[in-house]
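Trainee: May I ask for a close look at the surface of this model, beginning with a single residue and the patch around that residue?

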Amino acid sequence: MSKVKYYYDSETLSYKKIERRKGRRLGIVMLSILSSFLAGFILLVIYLNIPQIETPKEKTLKRELQNMKLQYGLLNKKMNQVQDVLANIEDRDNNIYRLYFEANPIPEEQRKAGFGGINRYKELEGFDNSSLIIETTKRMDILTKQIVVQSRSLDELAELAKEKGNLLASVPAIQPVKNEDLRRIASGYGWRTDPFTKVKKFHYGMDFTAPRGTPVYATGDGRVTRADNRSTGYGNHIRIDHGYGYTSLYGHLYKYNVRRGQTVKRGDVIGFVGSTGRSEAPHLHYEIFKDEDRINPINFYYGNLSPEEFDEILEKAQQENQSLD
C-alpha cells in the first residue's frame, strides 16, 4: 500500500492530504521513456560515426584477410593464363598430333568434365569469403584434371610416335642397289617373257642388272629369316622380316654378308650381286611381300630417289620386255 502524504495549510492551520493527478503521473512516465529512447539514439549515432578502436590482433587478422583476397585474385589470373596455354595444347593435340598418328581425338566433355556426386567443398562453407574460396578450389581441381588428361594423352602420343618411328624405319623404302652401280633396270613387276621358255609369265619382282660383286643393301630395318639357296629358282637369296607384315627378298646373290637371325638396319650391305639359281645374267631379283602377298616394289623407293629418278625407273619398269630369271 502506497504511503499517504500530507501538507500543512497555513490558512486553515491544519494538515491536508496531497492528491496525485493521474495525468501528471502518466506524463512523467512518458517523459522518462522518451528520454531513454532519445539517449539511446544519440549513443547509437555516436557509436556508428566514431571509428571503432581495433585491437592489435584484429588489425593483424584484417591485414591477413586482405592479403588472402589479393593472393586468390592473383591465383585466378594465373589459372586463366594456364587455361589459355592448356587450351592451345589441347587443340594441337586433337587436330594435329592425334590426327597424324591416326588416334581418336579426346572428346571435349572428357577434357572439361567436372566433379559430380557429393558436395566436395562442404568444409569450405560458412566463412565470409566462402564463395571465393570454393570457386577458386573448384577451378583448380578442374584444371588439375585437365592437365592429367593431357599428360596421359601425351604419354600415348609418345608411344605412338615411337611405334611410328619404328614403322618408318622398318618399311622397305630404298632401292637395294645404288643407281651408280646399275647398268639398267632389266625387268619390272608384271607379265614378262620368260628367258628360258620364251612364254609370258608373271614376274613378281624387279630385276636390277649390275656387275657381279656389286653391294646389295637392306631396304629397311629387320631380321634375316633366310640366307640360303634352298628355294627353287632364287639361288643364293636372303629374306628379311621387317615386321608390320613386310618381308623383302633378294635373289641370285653371289655371296652373303649376313647370316640367319641377324638384325640389320636400312642401308647395311647384306650381300653381293650374282647369277646363281635360275638366272640368265648377273642381276639382283628383288621382291616385297605384304602379309605374305607379293606387291609391286616400285612403290617402295621413296627413301633415296628424287622425283626425276623415280619417274625414270617407273617408265623402265613398265616396259614389257624379257626378264632375267
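**A nonpolar surface patch and other sites**

Mentor: L38 is located in helix α1, residues 22-49 (helices, H or I, have at least four residues and strands, E, at least two; both are DSSP runs numbered from the N terminus). The model is predicted, so local features require pLDDT of at least 70 and side-chain atom pairs pLDDT 80 or more, whereas totals for chains, interfaces and linings use all residues. Residues are numbered from 1 along each chain as its sequence is written, and side-chain values use heavy atoms, without hydrogens and water.

L38 is partly exposed because its relative accessible area is 47% (buried is under 20%, exposed over 50%, partly exposed in between, with a 1.4 Å probe and protein chains only). Together with L34, F37, F41 and I42, L38 forms a nonpolar surface patch of about 550 Å² accessible area (Shrake-Rupley method, 1.4 Å probe). Patch residues have over 30% relative accessible area and no salt bridge (Lys or Arg side-chain nitrogen within 4 Å of an Asp or Glu carboxyl oxygen); nonpolar side chains are joined within 5 Å and like charges within 9 Å.

A negative patch consists of E308, E309, D311 and E315. Of these residues, E308 belongs to helix α5, residues 307-317, and counts as exposed because its relative accessible area is 55%.

N179 occupies the loop between α4 (130-170) and β3 (184-187). With a relative accessible area of 33%, N179 is partly exposed. The side chains of N179 and Q175 share a polar contact of 2.9 Å (N or O atoms within 3.5 Å, one able to donate a hydrogen and the other to accept it; sequence neighbours count only through side-chain atoms). N179 and A210, 31 residues apart in sequence, have C-alpha atoms 9.8 Å apart.

Definitions and conventions:
Lys and Arg count as positive and Asp and Glu as negative; His and the chain ends are not counted. The place of a charge is taken as NZ of Lys, CZ of Arg, CG of Asp or CD of Glu.
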